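Here are my notes from going through the model, point by point. Have the structure open while you read.

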Amino acid sequence: MTGLRARLSDDRGSMPMLLMVTIVGLLLSAMLVPLLVTQDRATRFGTSRVHALDAAQAGIDATLGQIRAAVDGTGIGDSSRLPCGPISGSVDSAGDGAYTVGVEYFTADPVANPTAAKMLCALGYGTYDAASGAFTPSYARITSTGTDGRAVNGSSGGRTLLTTYVFKTSNTNVPGGVLRIYPAAGNTTALCVDAATSTPSAGASVTLQTCSTATPPASQQVFAYRTDLTIQLLSSVTPTYPNGLCLDTAGPTAGNPVVLNACRALGSPNYTQQWSFDDWGAYRASLSGSRTNGTLATVCINVAAQSAGQQLTLAACAQNTSSPTQAWVPAPSVGAGAAAPPQLINYLEFGRCLDVTGQNVNADHLIDYPCKQNPWAGAVAWNQKFTTPAIAAGANSAAGQLVTTTSSTNYCLTTPGTAGGYVTVKTCGSTAASLQRWTVYNGDKSLPYATKFTIVDSSELCLALTQPVTGEQWSAIDVEKCTGAAEQKWNANPNLSVPTLQNTLER
């Protein structure tokens, strides 16, 4: 009995101990639950953020796919087919990951130029910049927000990526614009060349009509000044007229009407379809020998009066003056025709060139005037010809004077040396050497985009455009802080922009 009591006595603490261990275990479990829940939420949140970022990237990829698919039947980019947004979709069939994308189009880099105005974009009509008349964008700013799609505790609220897409553009494919007659004093109605319909037939006459106020302009008023000096109605390119319709005449004789006839293949025009923009803003007719000797006809495109309905005909060119019935203001987007160095073509106002105003070397400002033309390049007027420093093979720049010559006297492009000041020409060496020294950059791949094709003075200011002087239609030339803006680029390569994504960041 004594041994039994001893064993019974030894077991008496087991139950309390068990209870205590159980209670402690329960307490520890209770303490671990919040930690486990927190860890689970953190893991779920991290996973959700990764999924949301993937969805945002998928939105960018989907948008780029639509942009790159905006081509015509020949594979050439067609801005009228660009997506205007918003664009939305799911990443997978389960629909867990989703994206919403906004896209905006610009003619200037929206990162380098934060105040750049976005282009209008209308589904089915595409993009248009009212300020420059351009239809073709150079940049797309894409904003993509991705979400995980799981509305559960710990999911992220989504992530947003911003990126800029640089289009590959070619100035060979001119976007086209209106041909407006230079307004006579007191004439407040803008009048433009009009084909009456977007798809006329060969032989159709062209008249002056009130300029379209639509954005973009009515297609019957949109023309392109091509590299062979033909002026093509862009909308006339159809299966019937695969090369489109161009302004034409029966011959360079006063009184002959100007009509639309089938263009020849680009580069092999009939001389009756070649038009040279001259010193006085007129489109001068060609002769059969103009391509070899530069001699032009003595007749220009003319209207009887600045009023709607007037038919375009040929008339004797005004001599050494701008005529209210013959002077024109082509939109920059009409194109640069056959302009080439030593002319300096502005990249923003493509179709306009650096010009000594009125061929007056004493002018207090220079202008960005429509590029002067001639089937023989050597006959282009001196006041748009500037010899620039030669850039050595393998180099990306050269420094020196920009020289134009008239009456055997050399005049140098001269900077005011202060931002916003007008650029002039002065006799070379007649002022401080630093004011006539410029650095000209090419498009070498070693250069950042902002520097390519710029002309920079000794104060590190870029040759650029500013508002027209009162009473003029053309941008004046100044120097400004270098920003890489299109207006600061001169004689840029047709393919200055190459297709790439840049400046990608998370907002």
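1. I'll start with one cysteine link. Keep in mind that this is a predicted model. The link of Cys 462 and Cys 482 is right-handed, with 105° about the S-S bond. Cys 462 sits in strand E27 (residues 461-466), while Cys 482 is in the loop between strand E28 (476-481) and strand E29 (500-506), so the disulfide ties together parts that are 20 residues apart in sequence. The two sulfur atoms are 2.1 Å apart.

2. Are the two ends of that link buried or partly exposed? Cys 462 has 2% relative accessibility and therefore counts as buried, the cut-off being under 20%. Cys 482 comes out at 32%, so this end counts as partly exposed.

3. How many disulfides does the structure hold? There are seven, and I'll go through two others here. Cys 300 and Cys 317 are joined with an S to S distance of 2.0 Å. Their link is right-handed too, at 100° about the S-S bond. Cys 300 belongs to strand E16 (residues 296-302) and Cys 317 to the loop between strand E17 (313-316) and strand E18 (328-330), so this pair connects parts that are 17 residues apart in sequence. Both Cys 300 and Cys 317 are buried.

4. Next, the disulfide between Cys 84 and Cys 121, with an S to S distance of 2.1 Å. This link is left-handed, with -80° about the S-S bond. Distant parts of the chain are linked here: Cys 84 is in the loop between helix H2 (14-68) and strand E1 (87-90), and Cys 121 is in strand E3 (residues 120-122), 37 residues apart. With 18% relative accessibility, Cys 84 counts as buried. Cys 121 has a relative accessible area of 29%, so Cys 121 is partly exposed.

5. Now the nonpolar interior. The largest nonpolar core has 37 residues, and Leu 247, Trp 275, Tyr 283, Ile 301 and Trp 328 are those with the most contacts inside it. Take a look at Tyr 283: leaving out residues up to four places away in sequence, Tyr 283 touches Leu 179, Tyr 225, Ile 231, Trp 275, Ser 276, Phe 277, Cys 300, Ile 301, Gln 326, Trp 328 and Pro 330. So one end of the disulfide in point 3, Cys 300, is among the contacts of Tyr 283. Apart from this core lies another, of 21 residues, including Tyr 411, Val 425, Leu 465 and Ile 477.

6. A quick look at strand pairing. Strand E11 (residues 231-233) and strand E12 (residues 245-248) run antiparallel and are joined by two bridges. E12 also runs antiparallel to strand E13 (residues 259-262), with four bridges between them. Which residues does Leu 245 of E12 pair with? On the E11 side, Leu 233 stands opposite Leu 245, and in E13 the bridge partner of Leu 245 is Ala 262.

7. On to charges: the whole structure has five salt bridges. One of them is between Glu 104 and Lys 118, where the closest N and O atoms are 3.4 Å apart. Distant parts of the chain are linked, with Glu 104 in strand E2 (residues 98-106) and Lys 118 in the loop between E2 and E3, 14 residues apart. Glu 104 has 31% relative accessibility and so counts as partly exposed. Lys 118 has a relative accessible area of 52%, and the cut-off for exposed is over 50%, so Lys 118 is exposed.

8. Asp 279 and Lys 372 form another salt bridge, at 3.1 Å, N to O. The two residues are 93 apart: Asp 279 lies in the loop between strand E14 (275-277) and strand E15 (283-286), and Lys 372 in the loop between strand E20 (367-370) and strand E21 (397-400). Asp 279 is partly exposed, with a relative accessible area of 30%, whereas Lys 372, at 4%, is buried. Asp 279, Asp 355 and Lys 372 belong to one network, joined by salt bridges that share partners.

9. A last charged pair is Glu 349 and Arg 352, whose closest N and O atoms are 3.9 Å apart in a salt bridge. Both Glu 349 and Arg 352 are buried.

Key. Residues numbered from 1 in each chain as written. Predicted model: local features only at pLDDT ≥ 70, side-chain atom pairs only at ≥ 80, totals over all residues. Heavy atoms only, no water. Disulfide = S-S within 2.5 Å. Buried < 20%, exposed > 50% of the residue type's maximum accessible area, 1.4 Å probe, protein only. Core = buried A, V, L, I, M, F, W, Y, C linked by side-chain atoms within 4.5 Å. Contact = heavy atoms within 4.5 Å. Pairing = 2+ DSSP bridges. Salt bridge = Lys/Arg side-chain N within 4 Å of Asp/Glu carboxyl O.
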